[in-house]
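Visitor: I am new to protein structures and would love a close look at one single part. Could you pick a strand, walk me around it, and then show me how its surroundings fit in?

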Amino acid sequence: MQVNEKTPFKSVYKNKEYYFCSESCKKRFDELDKTVIRVRRSLKDKEKISFGKLKREIIDPGICTLCGACVASCEVLSVAEGKPVLKGRCTACGVCYNQCPRTITTESSLIGNVRDVFTAKTMLPEVKGQDGGAVTSMLLYALEEGLIDSAVVTVKSEEEPWRPRPIVAQSKEDILRSAGSIYVHSMTMETLMSAIKKGSRSIGFVGPSCNIDAVSKMQNSPYGLLHMFMRANILKLGLFCMDTFDYEGLKKFLEEKGISLPAVREMKIRKGKFRVMTDVEYSFPLSDLDIYRNGSCTVCTDLTAEKSDISFGSVGSEEGYSTVLARSGLGLELLQDAADRGYIKIEPLERQGLEKVLHQAKAKKVQMYMIKRRIEKGKGI
Ligand SMILES: Cc1cc2nc3c(=O)[nH]c(=O)nc-3n(C[C@H](O)[C@H](O)[C@H](O)COP(=O)(O)OP(=O)(O)OC[C@H]3O[C@@H](n4cnc5c(N)ncnc54)[C@H](O)[C@@H]3O)c2cc1C
Ligand code: SF4
Ligand code: SF4
Ligand code: SF4
């Protein structure tokens with residue numbers, strides 16, 4: 001509704017005034033989680049959206065359903081040769097783009113439900129994490145406070161360097177050695193099952209969206225393993241994820257560059273670069289690894305592990321920090337308690353960082369649309 005600026009019911013949030021029709025609406029706003037406002041604002045105030053964007057993202061890649069919503073919304077649009085086309089001057093009002101059922105325009109359709117967004121760093125000197133060490137610190141907090149009795153995490157195989165090996169961690173030592181990212185699929189579900197079978201009743205589970213989805217499906221499916229999952233509470237800690245690679249392919253790629261896997265101390269994917277740290281640091285365009293990318297990742301659309309209690313990633317935060325999305329009430333409370341007890345430092349993630357997350361999430365959502373183009377260009381899927 002329209003509210004006059006002279007209303008006595010006002011609130012200020014981040015130097016911006018908000019107006020309300022009544023005391024009760026103002027009260028609800030004051031109590032509201034302000035993240036939603038941050039996310040929403042970050043999606044607004046953007047560049048003008050013209051028909052060109054709809055053409056580029058939806059019509060040209062061939063995913064227009066010809067529903068006619070864009071044409072019905074604007075008099076300078078019509079259909080020719082089976083496609084919406086511009087017949088006059090576009091004022092870049094963005095209506096057609098926002099009406100199209102194929103575009104992704106809301107924050108929750110990009111990153112799922114989020115209660116609050118942080119940038120975080122471990123406060124424990126012994127934690128050597130991939131980014132801020134937030135995942136490892138949260139697991140240590142949960143274990144030491146008696147909130148979980150085990151954690152399903154992934155470590156590097158001792159026999160084959162950098163091959164992922166999921167384990168049931170029940171000690172600080174095991175959790176500490178699981179820190180770091182391995183860009184290869186880890187088969188975590190069998191390990192989760194074995195933890196439940198061995199009597200774990202409260203389990204921290206870490207994995208990217210495909211792993212988190214497997215847990216959620218097993219918990220909710222009518223064909224699921226009810227008798228297993230009724231026995232244990234599972235805290236789902238999701239990892240942002242754009243891709244993983246075939247283990248043998250990754251090995252071959254590095255060997256061709258003269259790098260042996262046992263010598264690799266760390267791998268990092270950031271800003272389109274694949275960085276490999278041995279005694280020296282190498283950096284390759286990520287696209288060089290395209291041919292070794294797992295096929296499943298090409299059709300995966302969930303960057304931020306939307307079904308988790310808490311999600312963690314690097315995009316959006318400074319180096320040495322993790323971006324953290326608190327999703328469930330439990331997730332948010334645990335993060336705040338871990339911070340209060342000195343395990344991690346959390347600060348609100350600022351707008352710029354959040355925009356980077358939304359941007360990467362969008363790139364992942366629309367990659368399915370690009371498959372046809374990739375095939376046409378002979379790149380396969
Ligand atoms: C395959 C993969 C792809 C990723 N891609 C992106 C990306 O595109 N953008 C982005 O912002 N962030 C991405 N991340 C997340 C990022 O690398 C960090 O994991 C995240 O920022 C948390 O950092 P941290 O220091 O808090 O984690 P840490 O404290 O170092 O903990 C890392 C946790 O990850 C688990 N883990 C490591 N490898 C695997 C695996 N293969 N499968 C399941 N669990 C694993 C470990 O068990 C450990 O618990 C990816 C992570 C992985 C594993
Ligand atoms: S709806 Fe707006 S953005 Fe779309 S073609 Fe018409 S004027 Fe351009
Ligand atoms: S609204 Fe979208 S899907 Fe519908 S006709 Fe226009 S471009 Fe095609
Ligand atoms: S991109 Fe998707 S399918 Fe591939 S490892 Fe990541 S979450 Fe799983």
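Guide: Let's begin with a term we will need: two strands are said to pair if DSSP finds at least two bridges between them. Please keep in mind that what you see is a predicted model.

Our part is strand β6, which covers residues 150–156. Where does β6 find its parallel partner? That partner is strand β8, residues 202–208, and the two are joined over 3 bridges. To see one such link for yourself, find A151 and look across to G204, its bridge partner in β8.

Strand β6 also pairs with strand β7, residues 164–169, but here the sense is antiparallel and there are 6 bridges. For an example, find V153 and look for I167 in β7, which stands opposite. So β6 has a parallel pairing with β8 and an antiparallel pairing with β7.

Is β6 largely enclosed or open? A residue counts as buried when its relative accessible area is under 20%. In β6, 6 of the 7 residues are buried, so the strand is largely enclosed by the rest of the structure.

Now let's visit some other places in the chain. Helix α9, residues 188–197, has 7 buried residues out of 10, so this helix too is largely enclosed by the rest of the structure. Among the buried residues of α9 are T188, M189, L192 and I196. Just after α9 comes G199, with a positive phi of about 110°.

A positive phi also turns up at two residues that are not glycines. One of them is L66, at about 60°, in the loop between α3 (51–59) and α4 (69–73). L66 is partly exposed, with a relative accessibility of 44%. The other is K271, with a phi of about 50°, in the loop between β10 (266–270) and β11 (273–277). K271 counts as exposed, because its relative accessibility is 79%.

Strand β5 gives us another stop, for V117 sits there. V117 is buried, with a relative accessibility of 0%. Try measuring along the sequence and then through space: V117 and E350 are 233 residues apart in the sequence, while their C-alpha atoms are 8.6 Å apart.

After β5 (116–122), the loop that leads to α7 (134–144) holds V127. V127 is buried as well, at a relative accessible area of 6%. Leaving out residues up to four places away in sequence, V127 touches T122, G133, T136, S137, L140 and L176. For another pair to look up, V127 and C210 are 83 residues apart in sequence, and the C-alpha to C-alpha distance is 26 Å.

Finally, let's step back to the whole chain. The protein chain has 16 helices and 15 strands, and 48% of its 381 residues count as buried. Of the contacts between residues at least 6 apart in sequence, 65% join residues at least 24 apart. The radius of gyration is 23 Å, which agrees with the value near 21 Å that a compact globule of 381 residues would have. Along the principal axes, the C-alpha atoms fill a box of roughly 65 × 60 × 50 Å. On the outside, the accessible surface comes to about 20000 Å², and 51% of that belongs to carbon and sulfur atoms. As for charge, there are 59 positive and 48 negative side chains, and the centres of these two sets lie 5 Å apart.

Note on methods
Residues are numbered from 1 along each chain as its sequence is written. Chains are lettered from A and ligands numbered from 1 in the order in which they are written. This is a predicted model: local features need pLDDT of at least 70, side-chain atom pairs count only at pLDDT 80 or more; totals for chains, interfaces and linings use all residues. Side-chain values use heavy atoms; hydrogens and water are left out. Helices (H or I, at least four residues) and strands (E, at least two) are DSSP runs, numbered from the N terminus. The radius of gyration is taken over C-alpha atoms; the globule rule is 2.2 Å times the number of residues to the power 0.38. Buried means under 20% relative accessible area, exposed over 50%, partly exposed in between (1.4 Å probe, protein chains only). Contact means heavy atoms within 4.5 Å. Accessible areas come from the Shrake-Rupley method with a 1.4 Å probe; for residues, only the protein chains shown count as cover. Lys and Arg count as positive and Asp and Glu as negative; His and the chain ends are not counted. The place of a charge is taken as NZ of Lys, CZ of Arg, CG of Asp or CD of Glu.
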